[in-house]
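Trainee: Could you take me through one part of this protein slowly and in detail? I would like to see how a single helix sits among its surroundings.

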Amino acid sequence: MNRTQATRRSFLTAALAAPLTASALASCGSSGPGGSADGASMWILTGQPGEGIRTAAVEAFNEANPDSTIALSAFQNDAYKSKIRTAIGAGQAPTILPSWGGGGLRDYVRNGKVEDLTGFFTENAALKDRLFASAFAAATVDGKIYAFPCEAVTPIVLYHNKTLFEQVGAQPPTTWDELMALVPVFNDAGIAPFSLGGQSRWTNMMWLEYLYDRIGGAELFQSIYDGQPGAWSQPASLDALTKVQDLVRADGFVDGFASIAADSNADQALLYTGKAAMMLHGAWTYGSMKEAGGDFVTGGHLGYTTFPVVTGGKGDPTATVGNPSGYYAVSASASEEAKATAQKFFSDTLVGEATTKAWIESGSVPIVIGADEQFGGSEDADWLQFVYDLASGAATFQQSWDQALAPAAADALLENIEALFNLTVTPQQFADAMNATTGS
């Protein structure tokens with residue numbers, strides 16, 4: 001699998017490309033933005049290997065169900081985001097549509113745009129039980145399920161360069177205090193403690209996601225997600241914000257981190273070239289480091305572990321953050337016939353054996369319980385098992401904040417995180433600014 005340019009946002013696809021032409025859409029069999037009037041339609045996101053796996057799944061379903069086929073259209077990431085808003089507003093959404101869950105899904109739900117799938121999962125309890133329980137949180141709004149979790153899981157992982165740790169005689173940190181104690185050790189050796197692509201801003205966010213969870217537990221972000229007044233300025237929140245700035249002031253990050261872009265994979269290169277000892281990043285970076293890092297991965301120089309605990313914190317040490325899975329929702333405006341076809345596709349094919357095998361062969365960890373039984377033949381079996389265990393055993397799996405929050409709040413979050421890491425705002429100023437996004 002080629003993941004040199006993979007990013008968190010391309011967990012579902014490759015980003016930043018032009019939309020398909022009208023002729024390309026027509027060739028997929030659609031008769032408009034949402035497909036045919038009565039038949040089922042599905043929009044998928046492009047970018048390999050995901051696009052090929054998704055296309056193969058739909059083709060296999062259509063071959064097995066010639067009387068209830070799905071018309072398929074593919075879109076690049078940014079084009080999809082624009083077109084789906086237009087299509088939903090015009091009542092021409094596809095029957096099955098990709099969703100990132102979280103805040104965007106919640107907006108769809110509250111505007112009556114997507115189907116309640118709670119009954120479907122009740123009737124298909126065995127199917128639900130095959131999927132990671134932690135993947136359902138981002139698909140759930142007000143206690144009901146509105147999207148089908150599927151595809152692969154990508155948690156945030158603490159990577160380290162084993163060679164550099166051996167050089168200074170250290171072990172990976174298991175607590176925040178140990179992490180902070182390693183900062184001067186590596187700085188004194190002329191090695192940046194942590195790589196960070198701070199220009200991208202969402203990379204900074206991963207630090208806060210884990211610290212909020214480790215200090216305040218899952219309840220802390222839930223109070224923010226629920227719009228609780230003053231949630232961002234709770235003591236646990238201010239503690240997490242302070243700890244991040246403590247790390248910045250201690251020179252925990254590579255010099256010039258604010259000008260390093262994650263999309264160019266420059267942050268990964270600092271780790272595998274020995275210029276930085278550690279990196280907090282998504283599981284998707286494993287493949288690109290394996291491809292671009294020489295023998296860094298294949299030679300056994302890459303180490304990985306979970307994020308450290310914070311002494312006295314309320315968080316469960318098994319909790320993780322990142323992308324719990326991919327998600328597909330069903331348009332509420334689709335015909336009953338189309339909705340039935342969508343549900344049959346979900347139950348028969350979307351997380352079926354062939355699709356699950358294809359995700360594993362691509363180097364990904366599907367959210368299917370027992371999928372690890374197929375890891376044995378992979379040269380990355382240890383890595384795949386680590387990710388599988390981390391995700392399947394997580395007490396909670398917090399979705400990335402800029403996906404979990406409503407779009408306006410997510411934009412404000414990224415702006416304020418940049419200021420927080422650049423030390424141009426205090427923790428309290430950060431909290432006040434974010435409280436303002438919820439009107440508190």
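Mentor: Happy to; what follows is a close look at one helix, α18, and then a few other points in the chain.

A word on confidence comes before the details. This is a predicted model, with an average pLDDT of 90 for the protein and 91% of the residues scoring at least 70. The stretch to treat apart is residues 1–36, where the pLDDT is below 50; in the model this stretch still has 86 contacts beyond near neighbours in sequence.

Now to the helix itself. Helix α18 covers residues 407–421, and helix α19 covers residues 427–436. Their axes lie 10 Å apart and the two pack at an angle of about 170°, which means that α18 is roughly antiparallel to α19. On the α18 side the contact is formed by A409, A412, L413, N416, I417 and L420, which meet P427, F430, A433 and M434 of α19. Sorted by class, this contact has nine nonpolar residues, one polar residue and no charged ones.

Next, follow α18 to helix α9, residues 202–216. Here the axes come within 9 Å and cross at roughly 80°, so α9 is roughly perpendicular to α18. From α9, the residues in the contact are W202, N204, M205, W207 and L208; α18 brings L413, L414, I417, E418, L420 and F421. The class count for the α9 contact is nine nonpolar, one polar and one charged. If you compare the two lists, L413, I417 and L420 of α18 appear in the contact with α19 and also in the contact with α9.

The helix has a part in the largest pocket too. That pocket has a volume of about 680 Å³. It is lined by 23 residues, and those closest to its centre are K81, W100, G104, D402 and P407. Helix α18 is one of the elements that give two or more residues to the lining, together with α3 (77–89), β3 (96–99), α4 (102–110) and α17 (401–404). By class, the lining has ten nonpolar, six polar and seven charged residues.

Two backbone details are worth finding on your screen as well. Most residues other than glycine have a negative phi, and most peptide bonds are trans. The bond from Q48 to P49 is cis, with omega near 5°, and P49 sits in the loop between β1 (40–45) and α2 (50–64). D142, a residue other than glycine, has a positive phi, near 50°; its place is the loop between β4 (140–141) and β5 (144–145).

Technical notes:
Residues numbered from 1 in each chain as written. Predicted model: local features only at pLDDT ≥ 70, side-chain atom pairs only at ≥ 80, totals over all residues. Heavy atoms only, no water. Axes fitted to C-alpha atoms, helices over the stretch in contact; angles between N-to-C directions. Helix = DSSP H or I, 4+ residues; strand = E, 2+ residues; numbered from the N terminus. Parallel < 35°, antiparallel > 145°, perpendicular 65-115°, else oblique. Contact = heavy atoms within 4.5 Å. Nonpolar A, V, L, I, M, F, W, Y, C, P; charged D, E, K, R; others polar. 1 Å grid on protein atoms, 1.4 Å probe; cavity = no way out; pocket = protein on both sides within 12 Å on 5 of 7 lines; lining within 4 Å. Points joined across faces, edges and corners; volume = space filled by probe spheres on them. pLDDT = per-residue confidence, 0-100.
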